[in-house]
Structures are given as structure tokens and as C-alpha cells.
Amino acid sequence: MKKILVTPRGYAKYGQEARKRLEALGFEMDINETGKPLPREVFIQKAKESTGIIVGVDELDKDLLAQCKDLKAIVKFGVGTDNIDVDYCKEHGIQVGRCLGTNSNAVAEYTIGMMFNCARYMVSDAMCVKNGDWDKPTGMELTGKKLGIIGFGNIGKQVARMGYGIGMQIYAYDAFDIPEEALQPYKAKKSNPEEIYKECDYITVHVPLTPETENMISDEEFDKMKDTAILINAARGGIVDEKALLKALKEKKIFACASDVFTSEPPAKEDWVQELLGMDNFILTAHIGSRSRESEINTVNRATDVMIDFLK
């Protein structure tokens with residue numbers, strides 16, 4: 001019997017019907033029910049026996065893939081494939097699929113939510129109250145402000161829709177040309193990173209981590225931003241240079257930053273990392289931007305559809 005290894009915890013929680021669909025087609029399901037990443041040696045052993053893998057955060061590098069002689073297809077339970085050696089897969093005829101668009105709304109809502117959090121001190125003030133204080137800081141509004149979106153794909157467009165609904169002015173940039181009809185619903189201005197860094201009050205990145213985007217926001221970019229600017233990264237760790245971010249926050253080159261991602265997850269115990277985590281104007285969450293019930297159900301169904309298409 002052909003076996004499909006499934007590691008994301010969302011599939012274990014919401015994949016009962018999807019599991020039945022795959023089993024009805026003759027596939028044996030090996031689903032990680034723990035809710036945590038499998039130990040490397042356990043993951044390798046299970047992967048070696050699999051025809052297909054639906055993967056979350058586990059690393060599918062060249063060394064592991066070389067041991068998977070029967071592997072025909074991989075589906076990422078999400079969008080980013082930086083934990084999969086895609087080049088090796090191409091060379092060896094292993095199909096790789098993604099679940100495009102299934103979590104776009106969830107990540108966009110997270111992004112807008114973090115803008116409010118940073119602008120209105122929601123997290124820091126709530127912690128003050130829990131600690132017995134009663135500070136009343138004065139924040140900023142989003143209405144009328146300029147929102148720069150770097151990466152105008154599915155998520156970027158959802159952020160534009162929500163920001164425009166709030167009353168923000170939308171500046172949009174993408175590495176690929178953005179057609180006018182994609183800008184019109186939000187009265188968005190086609191822009192470039194230079195203009196976004198200089199002009200925008202809120203800046204959010206929604207691009208994949210590639211050699212071209214690694215550390216794309218660093219010292220030079222922070223120097224161009226307003227000292228009232230708020231930066232949101234709900235894309236991938238490594239797109240924002242975190243040491244440069246610490247410097248920018250300490251020197252008040254920007255007002256605040258919220259991130260759902262980090263270069264090392266969980267963050268390393270290095271002194272500079274701990275200093276960054278301790279900054280009042282920095283918020284880090286544990287890569288939860290896509291984690292809504294609705295998006296996980298969407299992703300379960302899409303991952304199943306793509307795997308069936310690959311293996312049927």
C-alpha cells in the first residue's frame with residue numbers, strides 16, 4: 001500500500017474528511033498527531049517509507065530526500081518552500097506543490113491587527129496593567145496614513161483591501177508588474193521600495209525568502225524611513241536584518257516593529273536577540289499569522305486536492 005506522511009498539526013485536527021478521501025483511493029495515512037515537529041530521526045524513517053509527504057515546518061533537505069527512494073510528491077502545508085530542496089526535487093522527478101491563497105485572509109488580518117497593536121500600544125499597555133500599573137499612552141490612528149505593501153500577491157492584495165477599508169492610502173510594489181486592474185479596487189499607487197521606505201507610515205512585507213530578498217530591509221533601508229514608521233513582517237525570518245532592526249529601534253529610526261517570524265524559530269539565546277525581544281517597541285509572535293481555524297481547513301482541503309492530482 002502507498003503511504004502518505006502528514007506532519008502539520010492542522011491536518012491532524014481538521015483532516016478527518018480529507019483522510020477518508022485519500023484512504024478511499026488506496027493510500028495509507030501516517031499522520032503526526034502530536035502537534036509538534038517530529039524528531040529528525042523519526043521524520044527521516046517515516047519519510048523513507050512514503051510515496052507522498054504533506055509537510056509543515058520539517059526540513060526536506062537533500063540528505064533526507066536522497067533516502068526517499070519511493071517519494072513521488074511533496075505538498076507544502078502553506079506557501080513558502082524554503083524548507084524543501086526544490087532543486088533536488090526537480091532533478092529527481094519529485095513533484096512539489098503549494099497551497100496558494102488558503103491562508104491569505106488570515107495573514108492579512110494578522111498584519112492589520114499588528115498595525116493597530118503597534119500604533120496604540122495594546123500589547124505593552126496590557127502588560128503594564130497586568131503588572132499593576134495604569135499608564136495611558138497616546139498612540140496614532142491608521143485612517144489617512146500611507147500603507148506600503150512590498151509583495152502584492154494574494155496576501156498583499158488582502159492587506160490592501162483591509163487597509164483601504166480603514167481609509168489608508170495604499171502604495172503597492174511587487175517584483176512582477178502589477179496590472180492597473182489589480183490596483184483600482186483600492187485606489188493603490190504603483191510604487192517602488194525606495195518610495196515606500198521614504199513616504200509610508202506603515203510598511204509590510206509579503207515576499208518569499210530568496211537570495212534576492214534576504215536582508216532586503218537593513219541599515220540603509222531603515223535610514224530612509226520616517227521615525228514614526230511602523231514595520232510589519234508576517235512573511236519569513238531573514239527578510240528583515242534583525243541586527244539592523246535592533247539598532248533602528250534603539251536609535252528610534254522607526255517607531256515600532258511587529259514580526260511573526262524570525263531567522264531562528266524559536267529565537268536563539270544570544271544576547272543581542274534577547275535585547276531585541278526585550279524592546280518595548282518590538283513584538284514577536286510564534287509564526288501564528290496563518291493559524292486560523294478557517295485557513296487551516298482551507299489548507300487541509302487544498303493540500304489533499306494537490307496530493308491527489310499528483311498521485312492519482
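In which loop is the place of K252? In this predicted model, K252 sits in the loop between α12 and β11. The backbone at K252 has a phi near 55°, which is a positive value in a residue other than glycine. Another backbone feature is found at the step from E265 to P266, where the peptide bond is cis, with omega near 0°. P266 belongs to the loop between β11 and α13, the latter being residues 271-277.

The elements α12 (242-250) and β11 (256-259) also matter for the next topic, as each supplies at least two residues of the lining of the largest cavity. The structure holds one cavity of 30 Å³ or more. The space in the largest cavity is about 70 Å³. Its lining includes E242 and L245, together with C257 and S259. Also in this lining are N233, G237, G238, V240, V261, F262 and F282. Sorted by character, the lining of the largest cavity has six nonpolar residues, four polar ones and one charged one.

F282 leads on to an open space, the second largest pocket. Of the 14 residues that line this pocket, S124, M279, D280, N281 and F282 lie nearest its centre. The second largest pocket contains about 300 Å³ of space. Three elements give two or more residues to its lining: α6 (104-120), α7 (122-130) and β12 (282-284). The element that gives the most is α7, with three residues. By character, the lining of the second largest pocket consists of 10 nonpolar residues, three polar and one charged.

One of these elements, α6, can be followed to a neighbouring helix. α6 packs against helix α8, residues 154-166, and the two axes are 8 Å apart. The angle between α6 and α8 is about 45°. How, then, are α6 and α8 oriented to each other? They are oblique, because an angle of about 45° is neither under 35 degrees, over 145, nor within 65 to 115. The crossing in which α6 passes α8 is right-handed.

Last comes an annotated span. An unreviewed UniProt entry carries the annotation "domain: D-isomer specific 2-hydroxyacid dehydrogenase NAD-binding", and this annotation covers residues 112-289. In the model, that span is 36% helix and 15% strand. The C-alpha atoms at the ends of residues 112-289 lie 11 Å apart.

Notes:
Residues numbered from 1 in each chain as written. Predicted model: local features only at pLDDT ≥ 70, side-chain atom pairs only at ≥ 80, totals over all residues. Heavy atoms only, no water. UniProt positions renumbered as here; feature names shortened; annotations may be inferred. Helix = DSSP H or I, 4+ residues; strand = E, 2+ residues; numbered from the N terminus. 1 Å grid on protein atoms, 1.4 Å probe; cavity = no way out; pocket = protein on both sides within 12 Å on 5 of 7 lines; lining within 4 Å. Points joined across faces, edges and corners; volume = space filled by probe spheres on them. Nonpolar A, V, L, I, M, F, W, Y, C, P; charged D, E, K, R; others polar. Axes fitted to C-alpha atoms, helices over the stretch in contact; angles between N-to-C directions. Left-handed = near helix turned anticlockwise from the far one by under 90°.
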